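Let's take a friendly walk through how the chains of this assembly meet one another. Have the view ready and follow along from one pair of chains to the next.

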Amino acid sequence: MQESWIFIGVFLLIAGIFPATPIILQSVILGPKKSNPVKNSTYECGIETFGDTWVQFKVQYYIFTLVFVVFDVGMMFLFPFAVAYGQVPAFMLVAVVGFLGIICGGLIYVWRKGALRWV
Amino acid sequence: MIPLSWYLALSAALFSVGVYGVLARKNAVAILMSVELMLNAVNINLVAFWHYLTPTAVSGMAFALIVFAVAAAEAAVGLALIISIYRRRQTVVAEDVNLMKF
Amino acid sequence: MEFLSNPIGVIRDWLAGLLSGFLPPDAVSLVLVILGALVVGALGLTTPLFLIWYERRLIGRMQDRVGPNRVGPEGLFQTVADALKLLSKEDITPIGADKIVYNLAPIMAVVSVLTMWAVIPLAVNIVGTDLNIGVLYIVSVGSLGTLAIMLGGWASNNKYALLGAFRTVAQLVCYEVPMILALIVPVLLASSVGVANPMSMQEVVAAQSGAWHEWFLFKAPIAFLIFFIASVAETGRAPFDLLEAESEIVAGFNIEYSGMKFGMFFVAEFLHAFTVGALVATLFLGGWSGPFVEQAPLLGVVYFILKAFAAYFLIILMRAALPRIRIDHMLDLNWKFLVPIMLAAIVAIAVTDKALPRATVGPLWNAVALFAANLVVAVIAVNWTSAAARQMRQADESRNPPGAAPAASADHGHDAPAPAASHAAH
Amino acid sequence: MTGLQITFLVVAAAILASAVLVVTARNLVHAALWLIATLFGMAILFVLLQAGFLAAVQVVVYIGAIAILIIFAIMLTRRVMQDTGPQTNSQWWLGGLLAAALLAAIAYTLFRVDQQGAFPLANVPIPDSSLAELGKALVSPDFYMIPLVVIGVLLAVGMVGSIAIARDEREKE
């Protein structure tokens, strides 16, 4: 199995080098370099930028990410089960059904409370 | 072959860095990030012990998975608390949240 | 003859023999690994040149125009010309941008898609590497793409880029949930077929290569559909392109990017779309399996590419035919429709397969039972959704009677899925 | 020195360096990015420990989910905490001292234990079926069935609780 991971490691490096090459080629060698402050200012429909970049964000984004994190972690417990599925006796499905049911219960609860609405 | 003690030493160092971060940082989010470092240090230990001492048992991997779940729940609730405090008191500096102080 | 059945192996052996004359054995295997990675990476990165042309021509045909047809035969070299143009552009980094992160983001976006090709099998013996956790590996490198977008939006020092990144990330993480849930199903079914290592892509394909009814498309149509929808949402293309809706807002997270860096985001998007096609082909349509593939393994490449392009064709069709979805409908469709159905489908598939196992009822009847279970879940889901939608419409009408101002659809009840959800079910 | 050992040392150095940057970086978003680098290094360590599954889970859960959550939280609470001024509190030296003392204590213990050879190394290869074994153990009543359900409860309660905390009062109607 180590050979597989060596391949993945090398591939990650190469997959980084491939897109980096044209970017460097363009920005260092081929592209013109005539920058000025107006060109480098941030793009905002033609008017001058005002205020801070850090506008206040809705907490809604955070809430949806929260639900995602919980499900994401829950799914990681299902993958080993799915691998072993062919070997586990049928009655042990109870554990997984219970696990999924509890998480789904949480989802239904926040749904009923209206937290999943985009406002 | 990497000696087991290397992993343990790395994990100890990482844990200490996390402890420093928890004790020294002002920002509550930064404190939470340091806690994540400490949890990760623990995870390295669990998996290293599993790999070197009991590779045929599954307990090491199972516990590491459970640590992942706990870390996720901790981050979710902790950050929610920070956001709630920020909304009420307009601050995320841990020192300023001192309602319990005389 | 040997070359035809196992071309990569033959080339590998030949190269190994050539290199071992003047290199130690460890270095030989490392060089071979690097060469293999180079070949797979180069193939992956040059396909978008063709894909972009293919998609533009196809979309042109669907919109009753010709599409690019000037540069080269049938406009084949249009993309090359575009790439050359991008190379001659000036590199602009906005004031106040975080230089390192700003430059890293487009590279990461490509890496997250390109690395998926390391584990996608083209034929029985043509694959980057047969990782034992292949399916989970796909998920994990896919989540790097989300991060790339977050970084790109943040590092641009532009509030619209940051806002766009937030919207994009919100959509991507939401749709990751049904995608991962749907990915569990092929692993589960492969395990029930009895392969040794159900999470490796090669063995997922092997589990489907028996007969037509072994395809997971027939055993788990719901998982197939939901994986398809969620993956298209992950690519951020129409109808899920509300994050960079060209016709409505200026752009998304990539507003400040220009030249080749923008080109890299572009390449990543097109390659991602085709990768989705390849993943669908591998996980649900039997990958390289097909008639006579045992006699001539190279045929598998043809089958795989045909299937991948069929799925890719469907994605382009969706892009050309469906209108853009609204943000609250997008989230409702995910959390109130796809996720609950997928959870129910996983339970239904697991229970049915245990109740009527292959060993006792035979593979065909097992597949029929699984298909029936999926159908039942789908029918119940569609019925419930349309009942809920009807209820919602009636509540809407009783609040604002018809003839008055059109009902504001933004305040639909929170206890029922959005109308968009019932659309998607059909 | 084998290739494996060199890899370990390089990765370990990178992990420690980025961990130190996490706790010292002035810009919070940079701290989060260094945290991501640390977590990625940890995934490489899991690969070295032949726990490829955990490496993938590390990337999915930590980098794909928790790091995104942290970045969102930073953006949501950004206004007040500007990046000017010291990012450490008045007792930072005490914290440093404590952390150093802890490290010294652990290192000393580790050295003593290692010298006595107290770790009974198994010296058997990891079985190929360890992932399937883990799956079986997670759903079997003799092993982790109850913990699995408890994890489910933890996650569901964590989700409901944190949404209840994080939501704006005005949104609740």
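## Which chains share the most

Five pairs of chains are in contact, and among these the pair B and D shares the most contacts. Please keep in mind that this is a predicted model.

Not every pair meets, though: chain B and chain C do not touch, and their nearest C-alpha atoms are 15 Å apart.

## Chain D against chain B

Start with the pair at the top of the ranking. Here 72 residues of chain D are in contact with 62 residues of chain B. On the chain D side, the elements that give two or more residues are α1 (3-24), α2 (28-48), α3, α4 (92-116), α5 and α6. Which of these has the largest share? That is α4(D), with eleven residues.

As for character, the side of chain D that touches chain B has 57 nonpolar residues, along with 13 polar and two charged ones.

## Chain D against chain A

Now turn chain D towards chain A. This contact takes 42 residues from chain D and 39 residues from chain A. The elements of chain D that give two or more residues here are α3 (52-76), α5 (130-139) and α6 (145-166). Of these, α6(D) gives the most, with 14 residues.

How do the residues on this side divide by class? The side of chain D that touches chain A has 28 nonpolar, eight polar and six charged residues.

Methods
Residues numbered from 1 in each chain as written. Chains lettered and ligands numbered in written order. Predicted model: local features only at pLDDT ≥ 70, side-chain atom pairs only at ≥ 80, totals over all residues. Contact = placed C-beta atoms within 7 Å. Helix = DSSP H or I, 4+ residues; strand = E, 2+ residues; numbered from the N terminus. Nonpolar A, V, L, I, M, F, W, Y, C, P; charged D, E, K, R; others polar.
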